Amino acid sequence: MATSETAKGGCRRPPENAKPWTMSHPSAPIEVERKFVPGPEVEDHLLTLGAVLQDEMKFQDSYYDSPDLRLTLADVWLRKRADSWELKHPLVRGARGLNGTSTQYQELNNEAEIICRVSEELGVPCPHNLESLQLEEFARFVTTRRKFLLPLDDNSNHKVVVDLDMTDFGFAVGEVEVLVQTKEEVQSALVKVDDICKKLGVFSISPVPGKMSTFLKRNREEHYRKLLEAHVL
Ligand SMILES: Cc1ncc(C[n+]2csc(CCOP(=O)(O)OP(=O)(O)OP(=O)(O)O)c2C)c(N)n1
Ligand SMILES: [Mg+2]
């Protein structure tokens with residue numbers, strides 16, 4: 001996480017000849033994830049697989065976009081979780097993070113990098129802080145999460161995390177997630193995520209809606225419709 005000095009002290013711009021949206025970022029992990037509908041027996045199945053409850057947490061997410069929804073229509077998701085800014089975007093600019101029934105997004109947690117990426121997407125010069133971009137909050141909700149960690153197996157060195165989430169608008173969803181550092185690792189992470197979903201008995205052949213998609217469907221119909229039209233959700 002950037003210190004506020006880093007964030008306010010100016011953007012670290014990429015080199016002139018770089019195309020940052022199409023590069024891999026050594027510091028930015030790629031989240032490979034599959035959502036599922038959690039049944040009443042899912043925790044028992046997790047324990048049978050040797051998972052341990054790593055954490056129980058409650059956090060509020062606030063999501064931001066420009067008034068013309070330019071970020072989310074490009075499948076770029078800017079949020080403030082607790083006091084930290086976070087950005088998720090597809091691995092290649094113009095592509096989508098939803099690939100079949102799983103998702104792959106690069107995650108940024110460094111505030112200076114986030115500011116530059118957001119301003120790049122908006123087509124404006126990179127400012128010193130996000131507030132200057134006059135983004136608007138379009139969603140805010142609280143999630144209660146039980147985070148399970150699965151044991152490493154012999155065939156894969158991927159750390160698999162399973163989150164069981166419940167939102168303050170009464171929506172429950174589960175996620176099987178692996179973080180990798182390079183695009184080359186994505187395929188094997190996908191295999192691992194699918195394998196765990198099958199072992200948990202939660203493998204679905206169609207995409208399972210997440211918290212955001214459900215929030216927008218219930219609260220921001222027009223925004224939801226535009227994202228469907230743009231094939232973002
Ligand atoms: C199935 C599916 N999920 C997300 C998207 C796109 N998208 C919508 S909102 C959004 C941002 C939130 O990502 P998600 O993993 O759904 O939320 P959460 O579990 O709270 O974040 P974590 O704690 O794992 O970092 C994305 C990527 C999509 N198109 N399809
Ligand atoms: Mg997630």
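Is D75 buried or exposed? In this predicted model, D75 has a relative accessible area of 0%. The cut-off for a buried residue is under 20%, so D75 counts as buried.

The position of D75 in the chain can be described in terms of secondary structure. The residue belongs to a loop, with α3 (70-73) on one side and β3 (77-81) on the other. Leaving aside residues up to four places away in sequence, D75 touches K88, H89, P90, R96, G97, L98, Y105 and V232. One of these residues, G97, is 22 residues from D75 along the chain, and the C-alpha atoms of the two are separated by 7.1 Å. The side chain of D75 also reaches the backbone of G97: a polar atom of this side chain lies 2.7 Å from the backbone nitrogen of G97.

The protein as a whole contains seven helices and nine strands. It has 233 residues, and 50% of them count as buried; D75 is among the buried residues. Of the contacts in the protein with a separation of 6 or more, 66% are between residues 24 or more positions apart. The accessible surface of the protein amounts to about 11900 Å², and carbon and sulfur atoms contribute 51% of this area.

The model also includes ligand 1, and the space taken by this ligand is the largest pocket. The ligand is surrounded by 21 residues, of which R79, R81, K88, E175 and V232 are the closest. Two of these names, K88 and V232, also appear among the residues that D75 touches. Several secondary-structure elements take part in the shell around ligand 1: β1 (30-36), β3, β6 (102-108), β9 (172-180) and α6 (211-219) each provide at least two residues. The strand β3 is also the element that bounds the loop of D75 on one side.

Polar side-chain atoms approach oxygen atoms of the ligand at several points. For E31, a polar side-chain atom lies 3.0 Å from an oxygen atom of ligand 1. In the side chain of R81, an N or O atom is 2.9 Å from an oxygen atom of ligand 1. A distance of 2.9 Å is likewise found between an oxygen atom of ligand 1 and an N or O atom in the side chain of K211. On its own, ligand 1 has 630 Å² of accessible area, and the protein covers 93% of this area.

Definitions and conventions
Residues are numbered from 1 along each chain as its sequence is written. Chains are lettered from A and ligands numbered from 1 in the order in which they are written. This is a predicted model: local features need pLDDT of at least 70, side-chain atom pairs count only at pLDDT 80 or more; totals for chains, interfaces and linings use all residues. Side-chain values use heavy atoms; hydrogens and water are left out. Helices (H or I, at least four residues) and strands (E, at least two) are DSSP runs, numbered from the N terminus. Buried means under 20% relative accessible area, exposed over 50%, partly exposed in between (1.4 Å probe, protein chains only). Contact means heavy atoms within 4.5 Å. A polar contact is a pair of N or O atoms within 3.5 Å; within protein, one must be able to donate a hydrogen and the other to accept it, and residues adjacent in sequence count only if both atoms are side-chain atoms. Accessible areas come from the Shrake-Rupley method with a 1.4 Å probe; for residues, only the protein chains shown count as cover. A residue is near a molecule or strand if one of its heavy atoms lies within 4 Å of it. On a 1 Å grid over the protein atoms alone, a cavity is a set of points where a 1.4 Å probe fits but cannot get out, and a pocket is an open set with protein on both sides within 12 Å along at least five of seven lines; lining residues have an atom within 4 Å of a point. A molecule sits in a cavity or pocket if more than half of its atoms lie within 2 Å of its grid points.
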